[in-house]
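Hi,

Here is the structure I promised to pass on to you. Please open it alongside this email, and then read on for what turned up in it.

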Amino acid sequence: MELAATETITATKHGVILEKTDRAFEELGVLNPAIYQDGNTVHMFYRAAKRGNFSTIGYCRLEGPATLVERHTEPIFEPEYIYEIHGVEDPRITKIDDTFYMTYVTYDGINACGALATSKDLTKFKKKGIITPKFILHEFTNFIRNHLMNPSIAKILAFNTARNYPLTETMKEHLLVWDKNVVLFPKKINGKFVGLHRLFPSIQIFSYEKKRELTPEYWKEYLKNLPDHIVMEPKYDHETSHIGPGAPPIETKDGWLLIYHSAEKREKGLVYHASAALLDLEDPQKVIGRLNRPIITPAEYYERHGYVNYVVFPTGTAIFDDLLYIYYGAADDKIAVASLNLNDLLTELKQNLHENDIK
């Protein structure tokens, strides 16, 4: 059960820190950056979109939370395979031991999947392929026919059917179930890699020792027991459509701090917010606290007007002194940052004690 909630802390906005340029690879927009902090240096790997909405990943470097000191004039990470021919999108980065792990979305013009790449130096990345389930939609429909009474499964099917409606029959034969927003925890838990992902509309958790374990058989068994893997479901007024992992979880003495995105249904479309939850350190499927209001909501002009209006989409964080800086895509064509006191946020999360959504 939840205890009485206090007034939710909100972040201080510092405005736009990166905008599109006239370079071809980023002339449509820059958004949704992966962040890796090394002392006073912030490495930013951002989605760069060109005309036609083809995406690559660009790189820039900040000193301190917001001072731009270096920006590459060409992408650092580009599509190579047919399943990412339309773009590599929305990266997140974590470091485990001596290896950097970048999760990102592959997009072929129809299908969106979660993929993984690794690096030792943040300069060269080795692609490891798609790690989320690759189910053809009509095969998936048949597979879960006996599970339709399960609300979690039914919502996934409804979402994918709705998004695929305008496509031709031929295209539908190649449609996969969308699985996006993969983030990895920055350390192994009980000897395993642990990640969060989003099969619409909830946040789920998965784990593995070796990438090769993530076989079709693994995911079929996973989907049979999907409710057992759900961490959080949409619950509050600002998440009436869906939620999804944002930045990689942050380890604190009180638990794993998760900054996630919440999509709210409104008459004119979706509104995206940044929200916060606290997960148990040893069992991150257990929710310790969850705020009932967003910490960042699209109120500024640069968040309300852009390629997609009314979007705050958090994908990376950095910590300077006691301040947590949250980096986010603003209106899907620029990058902004906001901050709030980390200790105050943790205190408020602990005051909003939460019974885990799924039992």
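Below are my notes, grouped by region. Please keep in mind that this is a predicted model.

**Strand S4 and its neighbours**

A good place to begin is strand S4, which spans residues 54-63 and is mostly covered, with 7 of its 10 residues buried. On one side S4 pairs with strand S3 (residues 41-50): the two run antiparallel and are joined by 10 bridges. Within that pairing, Ala-49 has Ser-55 of S4 as its bridge partner. The two strands make a hairpin with 3 residues between them, and Gly-52 in the turn has a positive phi of about 90 degrees.

S4 also pairs with strand S5 (residues 67-71), again antiparallel, through 4 bridges. Here Arg-61 stands opposite Glu-70 in S5. S4 and S5 form a hairpin too, with 3 residues between them, and in this turn Gly-64 has a positive phi of about 75 degrees.

One residue of S4 to click on is Thr-56. Is Thr-56 buried or exposed? Its relative accessible area is 12%, so Thr-56 counts as buried, the cut-off being under 20%. Its contacts, leaving aside residues up to four places away in sequence, include Phe-25, Tyr-46, Pro-75, Phe-77 and Val-88.

**The nonpolar cores and helix H6**

The largest nonpolar core has 24 residues, and the members that touch the most others are Leu-257, Ile-295, Ile-296, Leu-324 and Leu-345. Two or more residues of this core come from each of strands S16 (255-266), S17 (269-279), S20 (323-330) and S21 (334-341), and from helix H6 (342-351). A second core, separate from that one, holds 21 residues, among them Leu-116, Ile-131, Val-182 and Tyr-208.

Back in the largest core, Leu-345 is worth a look. Not counting residues up to four places away in sequence, Leu-345 touches Ile-9, Leu-257, Ile-259, Ala-276, Leu-291, Ile-295, Leu-324 and Leu-340.

Which residues of H6 are buried? They are Leu-342, Leu-345, Leu-346, Glu-348 and Leu-349. These residues lie on the same side of H6, because they cover an arc of only 165 degrees around the axis. At the start of H6, Asn-341 places a side-chain oxygen within 3.0 Å of the backbone nitrogen of Asn-343.

**Aromatic pairs**

The count of aromatic pairs comes to 17. One of them is Tyr-36 with Phe-100, an edge-to-face pair at 4.9 Å centre to centre, with 85 degrees between the planes. This pair links distant parts of the chain, since Tyr-36 belongs to strand S2 (residues 29-38) and Phe-100 to strand S7 (residues 99-107), 64 residues apart. Tyr-36 is buried at a relative accessible area of 19%, and Phe-100 is buried at 6%.

Another pair is Phe-193 with Tyr-208, which is stacked because the ring centres are 5.2 Å apart and the planes are at 20 degrees. Phe-193 sits in strand S11 (residues 193-198) and Tyr-208 in strand S12 (residues 203-208), so the pair ties together parts that are 15 residues apart in sequence. Both Phe-193 and Tyr-208 are buried. Ring pairs also connect these two with Tyr-101, Phe-206, Tyr-218, Trp-219 and Tyr-222 in a cluster.

Happy browsing, and best wishes!

Note on methods:
Residues are numbered from 1 along each chain as its sequence is written. This is a predicted model: local features need pLDDT of at least 70, side-chain atom pairs count only at pLDDT 80 or more; totals for chains, interfaces and linings use all residues. Side-chain values use heavy atoms; hydrogens and water are left out. Buried means under 20% relative accessible area, exposed over 50%, partly exposed in between (1.4 Å probe, protein chains only). Two strands pair if DSSP finds at least two bridges between them. A nonpolar core is a set of buried Ala, Val, Leu, Ile, Met, Phe, Trp, Tyr and Cys residues joined through side-chain atoms within 4.5 Å. Contact means heavy atoms within 4.5 Å. The arc is that of the directions from the helix axis to the C-beta atoms. A polar contact is a pair of N or O atoms within 3.5 Å; within protein, one must be able to donate a hydrogen and the other to accept it, and residues adjacent in sequence count only if both atoms are side-chain atoms. Rings of Phe, Tyr and Trp (its six-membered ring) pair if their centres lie within 6.5 Å; planes under 30 degrees apart count as stacked, over 60 as edge-to-face and the rest as tilted.
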